[in-house]
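Let's take a walk through a protein together, one piece at a time. Keep the picture open beside the text and find each part as we come to it.

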Amino acid sequence: MELILIGFMGSGKTTVSLLLGEMLNTPVTDLDVEIVRRADMPIADIFAQNGEPYFRQLEHDTLAEILKSDQGILATGGGTPMRPDNLAMLKDTPTPVVLLKASATETLRRIGGDNGRPLAQSLDEKGIADMQAQRQVNYNACADLTIKTDGLSPAAIAKEIISFLN
Ligand code: S3P
């Protein structure tokens, strides 16, 4: 991998990874997309039919495999760094890890009521802020760069990441 993006749901990982892929002319892998492909069903269905532990195992196995590849950009899922073995992999990898951070207000605006995100569906702004705070420790533990994205366009975020990489 050349770059790994982490961050809470709705922080812009997917959007920014696709833009960076174009700008750097490198392949982009989205962990959620890869999981959906392997399970052959949407994330919400995996949660509903098999439960979160099954999803997390699939997420772990897929992450471990993708990290072996030396090319491209990886956009992780918001919960990926929460499993200790995933966190260890993200800490140990020589690949730069960039954390995208959005405020709870902005996050709610983007993901509120999203049926495709089973963990976000019922969260209000306070619920999002609490979950962000809970996850922050792990995010910080593996991030080499943190970008506060409120008010920044995807292009501005991508530019900041590229200057960090250079
Ligand atoms: C999750 C985030 C989602 C997806 C799943 C669980 C989480 O990815 O992996 O719904 O635990 O935060 P995004 O961060 O891409 O929404």
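What follows begins with the strands, moves on to a helix and ends with the ligand and the annotated sites.

Two notes will help you to read along. Residues are numbered from 1 along each chain as its sequence is written. This is a predicted model, in which local features need pLDDT of at least 70 and side-chain atom pairs count only at pLDDT 80 or more, while totals for chains, interfaces and linings use all residues.

Let's start with the strands. Helices (H or I, at least four residues) and strands (E, at least two) are DSSP runs, numbered from the N terminus. We will also need a word for how covered a residue is: it is buried if 20 or more other C-beta atoms lie within 10 Å of its own, exposed if 12 or fewer, and partly exposed in between, with C-beta atoms placed from the backbone.

Find β1, whose residues are 3–7. Because five of the five residues of β1 are buried, this strand is largely enclosed by the rest of the structure. Look at its two faces in turn: L3, L5 and G7 lie on one side and I4 and I6 on the other, and all are buried.

Which strands pair with β1? Two strands pair if DSSP finds at least two bridges between them. Strand β1 runs parallel to β4 and is joined to it by four bridges. Three bridges join β1 to β3, and these two strands also run parallel. L5 is a good residue to click on: it stands opposite A75 in β3 and opposite V98 in β4. Next along, I4 has V97 as its bridge partner in β4.

Now move over to β4, residues 97–101, where five of the five residues are buried. Both faces are covered here too, with V97, L99 and K101 on one side and V98 and L100 on the other. Strand β4 is also joined by four bridges to β5 (residues 145–148), and the two run parallel. In that pairing, L99 has T146 in β5 as its bridge partner.

Next comes a helix, α2, which spans residues 31–39. Which of its residues are buried? They are L31, D32 and I35. These residues cover an arc of only 95° around the axis (the arc is that of the directions from the helix axis to the C-beta atoms), which puts them on the same side of α2. A general rule is handy here: an α-helix has 3.6 residues a turn, so residues three or four places apart point the same way. The buried residues of α2 pack against β2 (28–30), α3 (43–50), α4 (52–66) and β3 (73–75). After α2 comes D40, whose phi is positive, near 60°.

Now turn to the ligand. A residue is near a molecule if its C-beta atom, placed from the backbone, lies within 6 Å of it. The residues surrounding the ligand are M9, K13, D32, I43, G77, G78, G79, R117, P118 and L119. This shell divides into four nonpolar, three polar and three charged residues. In this sorting, Ala, Val, Leu, Ile, Met, Phe, Trp, Tyr, Cys and Pro count as nonpolar, Asp, Glu, Lys and Arg as charged, and the others, Gly among them, as polar.

Finally, let's see what a record adds. UniProt, in an unreviewed entry, gives the feature "binding site" at G10, S11, G12, K13, T14, T15 and R117. It also lists D32, R56, G78 and R135 for "binding site". UniProt positions are given in the numbering used here, feature names are shortened, and annotations may be inferred rather than shown by experiment.

Where do some of these residues sit? For contacts, two residues count if their C-beta atoms, placed from the backbone, lie within 7 Å; for the residues below, neighbours within four places in sequence are left aside. T14 lies in helix α1 (residues 13–24) and is in contact with D30 and A75. T14 counts as partly exposed because it has 17 other C-beta atoms within 10 Å. R117 is in the loop between α6 (104–111) and α7 (125–142), where it is in contact with M9 and I111. G78, in the loop between β3 and α5 (84–92), is buried, with 23 other C-beta atoms within 10 Å. Its contacts are G7, F8 and M9. R135 lies in helix α7 and touches F8 and M82.
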